Amino acid sequence: MQRFQYYIDGEFLDGEARFQSIDPATGNVWAEMPEAREADVDRAVNAAERTLYEGPWAKLTATQRGKLLYKLADLIAANAQKLAELETRDTGKIIRETSAQIAYVADYYRYYAGIADKIEGSYLPIDKPDMDVWLRREPIGVVAMVVPWNSQLFLSAVKIGPALAAGCTMVVKASEDGPAPLLEFARLVHEAGFPAGVVNIITGFGPACGAALGRHPKVAHIAFTGGPETARHVVRNSAENLASTSLELGGKSPFIVFADADLESAANAQVAGIFAATGQSCVAGSRLIVERSIKEAFLSILKRKAEAIRIGSPLDMMTEVGPLATKRQQDHVAALVEKSIRSGARLVTGGQRPDGVGYYFPPTILDCDGVNSPSLTDEFFGPVLSVVSFETEAEALRLANDTRYGLASGVFTQNLTRAHRLMKGIRAGVVWVNTYRAVSPIAPFGGFGLSGHGREGGLAAALDYTRTKTIWLRTSDDPIPDPFVMR
Ligand code: NAD
């Protein structure tokens with residue numbers, strides 16, 4: 001059995017307690033993980049705070065910080081296969097996806113390496129004589145980062161990269177479900193030469209570890225990715241210290257297909273949009289909103305493609321859909337499918353968890369036309385597509401916005417003016433037109449409504465990890481006059 005350690009103040013440690021990690025493809029224990037509790041959290045935050053203000057990190061130039069980030073990026077690229085295998089083993093995400101995603105994670109660090117010495121302050125044309133006024137941009141402080149089980153290296157990169165570029169120090173809490181890749185990543189942080197305490201990586205359970213981290217008095221900002229219910233706890237905890245938060249939460253993203261769309265392309269995008277990562281993707285295009293005249297034709301293409309998907313071991317390069325990450329998740333998906341069918345949704349394909357080992361669930365399509373199905377409102381975070389149809393563009397838009405979430409959306413049409421109307425009308429942080437699931441370090445990403453607030457990616461994300469300081473400098477040598485008049 002493999003044993004992992006966590007990383008605090010430049011040291012690899014076993015932790016106060018330990019817990020077992022399960023391989024979702026077999027249901028068997030495969031590794032032992034360190035469990036951080038309040039005392040470890042406290043130690044990690046104190047290390048991060050000390051390093052922020054004292055020692056070598058505080059003295060590095062921004063360019064030197066950038067060089068460390070480039071080195072980390074190179075190490076990730078060189079170790080991508082190993083990291084991918086660990087993520088696949090610990091979370092069940094298929095090796096095809098983890099390999100490609102982790103190779104791209106290196107580019108996120110490169111992007112922020114380049115940004116480190118482009119975070120500039122400014123000089124203000126102030127309305128007073130003999131006065132120079134500047135804004136300095138300084139690191140926001142110690143950042144707590146909390147991520148869910150899916151794509152942990154990616155979801156942490158969009159936090160760690162900009163925070164390091166800005167000069168912050170941090171404590172990263174890997175999910176208790178599948179922490180192996182992030183704990184291994186800590187070894188690369190160490191090898192890259194970041195001073196002790198800059199990046200601390202721990203894992204543990206939500207209440208004992210995540211909550212202790214969020215309410216720690218020395219945490220200035222909490223960058224959270226997870227579900228809205230947990231986010232409410234995070235926000236309550238942040239009140240303790242009045243820490244700022246950025247929240248990247250779930251979604252129930254609409255995928256709109258008009259009759260004039262290239263149906264084969266739209267179907268491929270829809271299949272990837274909902275079944276990639278076994279549906280455990282925050283941007284999953286989980287609500288298909290299809291023009292009524294092509295509904296049956298489009299559904300039959302989707303059904304054929306869904307039934308041709310190769311389900312199997314996540315470590316096999318040929319596998320297209322692997323297991324869900326946990327038994328809890330498999331139970332949740334199965335229960336919500338049953339509830340939706342009881343509410344009147346019609347099963348087009350899938351729907352039954354298979355016999356045998358592992359937390360598998362087949363690609364499933366539910367026709368929800370005319371039904372008040374929970375599958376149209378509740379997030380599965382699994383391979384389940386819910387379908388409704390529309391007659392008019394206005395109806396399509398109304399259905400798309402009929403959600404409390406607002407993370408992503410897709411529109412497939414050849415009609416340019418209609419595409420423009422919809423990209424303005426859809427209430428979501430990302431609109432993909434005739435494409436789906438494209439991401440880039442250069443493009444900001446984040447949600448509206450229950451999908452959270454704050455943006456990851458792009459230059460602005462690095463600025464969000466800074467706070468400004470206003471410097472006033474009087475340039476006159478004349479004595480200061482009457483003290484009771486403000487100037
Ligand atoms: P979750 O909210 O249950 O857990 C996320 C993290 O929060 C875990 O590390 C967990 O230990 C921690 N946590 C739990 N309780 C806590 C508390 N009281 N205080 C602080 N931390 C606590 O999410 P999950 O079930 O692991 O992941 C699935 C969810 O994540 C889905 O809703 C999905 O849509 C969302 N997600 C969003 C994005 C995005 O970028 N918008 C990306 C991936 C996943």
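A polar contact here is a pair of N or O atoms within 3.5 Å. The model is predicted. This report takes the ligand site, then two sheets.

**Ligand site**

The ligand is surrounded by 28 residues. Val147, Glu176, Thr230, Leu249 and Glu379 are the closest of these. Polar contacts are listed below. At Ala211, a polar backbone atom stands 3.4 Å from a nitrogen atom of the ligand, inside the 3.5 Å limit. Lys173 brings an N or O atom of its side chain to 2.9 Å from a ligand oxygen. Thr230, one of the closest residues, also uses a polar side-chain atom, at 2.6 Å from a ligand oxygen.

| Residue | Protein atom | Ligand atom | Distance |
|---|---|---|---|
| Lys173 | side-chain N or O | oxygen | 2.9 Å |
| Ala211 | polar backbone atom | nitrogen | 3.4 Å |
| Thr230 | polar side-chain atom | oxygen | 2.6 Å |

On its own, the ligand has 850 Å² of accessible area, and the protein covers 89% of that.

**Annotated domain**

UniProt lists residues 17-471 as "domain: Aldehyde dehydrogenase", in an unreviewed entry. Across residues 17-471, helix makes up 42% of the chain and strand 20%. The C-alpha atoms at the two ends of this stretch are 47 Å apart.

**Sheet β1-β5-β4**

Three strands form an open sheet in the order β1-β5-β4, and the pairing is mixed. β1 (residues 2-3) and β4 (residues 17-23) each have a single partner strand, so each edge strand has one side without a neighbour in the sheet. β4 and β5 (residues 28-35) run antiparallel and are joined by seven bridges. Within this pair, Ala17 sits opposite Glu35 of β5. Ala17 belongs to β4, and residue 17 also opens the UniProt domain range. A helix crosses the sheet. α4 (residues 80-91) lies across β1, β4 and β5, and runs at about 105 degrees to β5.

**Sheet β6-β7-β21**

A second set of strands forms an open sheet of three, ordered β6-β7-β21, with antiparallel pairing. β6 and β21 are the edge strands, and each pairs on one side only. From one strand to the next, the twist averages 25 degrees.

What joins β6 to β7? Three bridges do, between residues 122-124 and residues 131-139, in antiparallel fashion. Ser122 has Leu135 of β7 as its bridge partner. The hairpin of β6 and β7 has six residues between the strands. Asp130 of this hairpin takes a positive phi near 55 degrees.

On the other pairing, nine bridges link β7 to β21 (residues 466-474), again antiparallel. Here Val133 stands opposite Trp472 of β21. β7 thus carries bridges to both β6 and β21. In a regular strand, side chains alternate between the two faces of the sheet.

Methods:
Residues numbered from 1 in each chain as written. Predicted model: local features only at pLDDT ≥ 70, side-chain atom pairs only at ≥ 80, totals over all residues. Heavy atoms only, no water. Pairing = 2+ DSSP bridges. Helix = DSSP H or I, 4+ residues; strand = E, 2+ residues; numbered from the N terminus. Contact = heavy atoms within 4.5 Å. Axes fitted to C-alpha atoms, helices over the stretch in contact; angles between N-to-C directions. UniProt positions renumbered as here; feature names shortened; annotations may be inferred. Near = heavy atom within 4 Å. Polar contact = N/O pair within 3.5 Å; in protein donor to acceptor, adjacent residues only side chain to side chain. Areas by Shrake-Rupley, 256 points an atom, 1.4 Å probe, with all protein chains shown as cover.
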